[in-house]
Amino acid sequence: MKLLVTRLSQEAQDVLGLELRAQDGAALPPFTSGAHVDLLLPGDIRRQYSLANSPLERHRYVLGVGLAPASRGGSAFVHQRLAVGDVLEVGAPRALFGIDPAATEHVFVAGGIGITPILSMILWCEAHARPWKLLYCVRTRARAAYAWTLARHHDRVQLHVDQEAAGTPPDLAGWLAGAAPGAHVYCCGPEGLMNAVGAAAGVVGIDKAATHFERFAPPEQATPAASAGAFTVVLHRSGQRIEVAPRQSLLDALEDANVSVPFSCREGMCRSCEVPLLEGEAEHRDFVLSDEERDSHTCILPCVSRARSAVLVLDL
Ligand code: FES
């Protein structure tokens, strides 16, 4: 879609709000809370940003874009060059993170710009009169985006400001221990916070299936995609055999053989390159498949994942 930038707003220090609408004012494709869209920026840069507005809204998408400290051009372009009236290429909304409507309570933990998808989820809870609470962790108050929107829910929102806590981390176990039986926990933020929330949820006995995480980037210790042995893929529909070299990703090997597979992040984060796996055992290196999906070996994300067996048969 080519969408018009209709509003830019400074939501906090280094956080820019971006409103996008159809050029003809038409309704936009629907989305679910927690979904994200790809922005295609100059220089062939593709970046994913979560939608921050209510999923009930069809006339606009609202994004919150944090200025990455070491921006490779994506967030720096949005912050420094984008203007109201510009037209941006935007992908259709995709959902990897979202509300479980069956939960008895929705317990949110946001870190920094991780508030963006969580704000949309809170708006969903408000629209459906579902119980929720938020622990919002920021480095300084000046960096607390959407604080003005959340202020009217002060009884449900707890703000943890690193600068004011003198190095004391938030009491995550205490926060989660207060959740209602049957509550679900949703966390979006830096890797350290997500790891701590996962650990705290385990300590207080929250089922892993009731915890949901949204990553911005692969974990720092992630294994590089192309760092393992060679293997063979067989394309079931054509019978074509493709050799994947040790320092080559499966996606690169498919592209080199002129087999087109959609992709976005190429980091195992977005699921857009997912391919059905018919035979063989995958070595999953992505960050989005569930444990059940990994164990079933029925799909693979070829941008990062490889083979444990000598041959993989793909439904391509
Ligand atoms: S391209 Fe994003 S997971 Fe493969």
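Trainee: Let me start with one residue: is R81 buried or exposed?

Mentor: The idea is to ask what share of a residue's surface a probe can reach: buried means under 20% relative accessible area, exposed over 50%, and partly exposed in between (1.4 Å probe, protein chains only). R81 has 61% relative accessibility, so R81 counts as exposed. Keep in mind that this is a predicted model, where local features need pLDDT of at least 70 and side-chain atom pairs count only at pLDDT 80 or more, while totals for chains, interfaces and linings use all residues. Residues are numbered from 1 along each chain as its sequence is written, and side-chain values use heavy atoms, with hydrogens and water left out.

Trainee: Where is R81 in the chain, and which residues does R81 touch?

Mentor: First, helices (H or I, at least four residues) and strands (E, at least two) are DSSP runs, numbered from the N terminus. R81 sits in the loop between α1 (74-80) and β6 (87-90). Contact means heavy atoms within 4.5 Å. Not counting residues up to four places away in sequence, R81 touches A76 and D86. By C-alpha atoms, R81 and P29 are separated by 27 Å, and they are 52 residues apart along the chain.

Trainee: P29 again: which residues does M1 touch?

Mentor: Leaving out residues up to four places away in sequence, M1 touches P29, Y61, L88, E89, V90, G91, A92 and P93. M1 belongs to the segment before β1 (2-12). At 30% relative accessibility, M1 counts as partly exposed. Its C-alpha atom is 9.8 Å from that of Q23, 22 residues apart along the chain.

Trainee: And what about A180, where is that one?

Mentor: Look in the loop between α4 (172-177) and β10 (184-188). A180 counts as partly exposed, at 31% relative accessibility. Here you can compare sequence and space: A180 and E105 are 75 residues apart along the chain, yet their C-alpha atoms are separated by 6.3 Å. A180 touches T104 and E105, not counting residues up to four places away in sequence.

Trainee: Which residues is H284 in contact with?

Mentor: Aside from neighbours within four places in sequence, H284 is in contact with L289, E293, R294, H297, C299, I300 and S305. H284 is in the loop between β15 (282-283) and α7, and H284 is buried, with a relative accessible area of 16%. From C-alpha to C-alpha, H284 and V304 are 7.7 Å apart, with their positions 20 residues apart in sequence.

Trainee: H297 was in that list. What is the phi of H297?

Mentor: Phi is a backbone angle you can look up residue by residue. For H297 it is positive, about 50 degrees, although H297 is not a glycine. H297 lies in the loop between α7 (291-296) and β16 (299-300) and is buried, with a relative accessible area of 17%. N258 is also not a glycine and has a positive phi, of about 60 degrees. N258 is in the loop between α6 (250-256) and β14 (275-279), and N258 counts as exposed, at 72% relative accessibility.

Trainee: Let's zoom out. How many helices and strands does the chain have?

Mentor: The chain comes to seven helices and 18 strands. To judge how compact it is, take the radius of gyration over C-alpha atoms and set it against the globule rule, 2.2 Å times the number of residues to the power 0.38. The chain's value is 21 Å, close to the 20 Å the rule gives for 316 residues, so the chain is as compact as a globular protein of that length. Along its principal axes, the C-alpha trace spans about 60 × 50 × 35 Å.

Trainee: What share of the chain's residues is buried?

Mentor: Buried residues make up 47% of the 316. For contacts between residues at least 6 apart in sequence, 64% join residues at least 24 apart.

Trainee: Which domains does the chain have?

Mentor: Domain bounds come from an automatic or database domain assignment. Here the assignment gives domain 1 (2-90), domain 2 (106-214) and domain 3 (231-314). Taken over C-alpha atoms, the centres of domain 2 and domain 3 are 34 Å apart.
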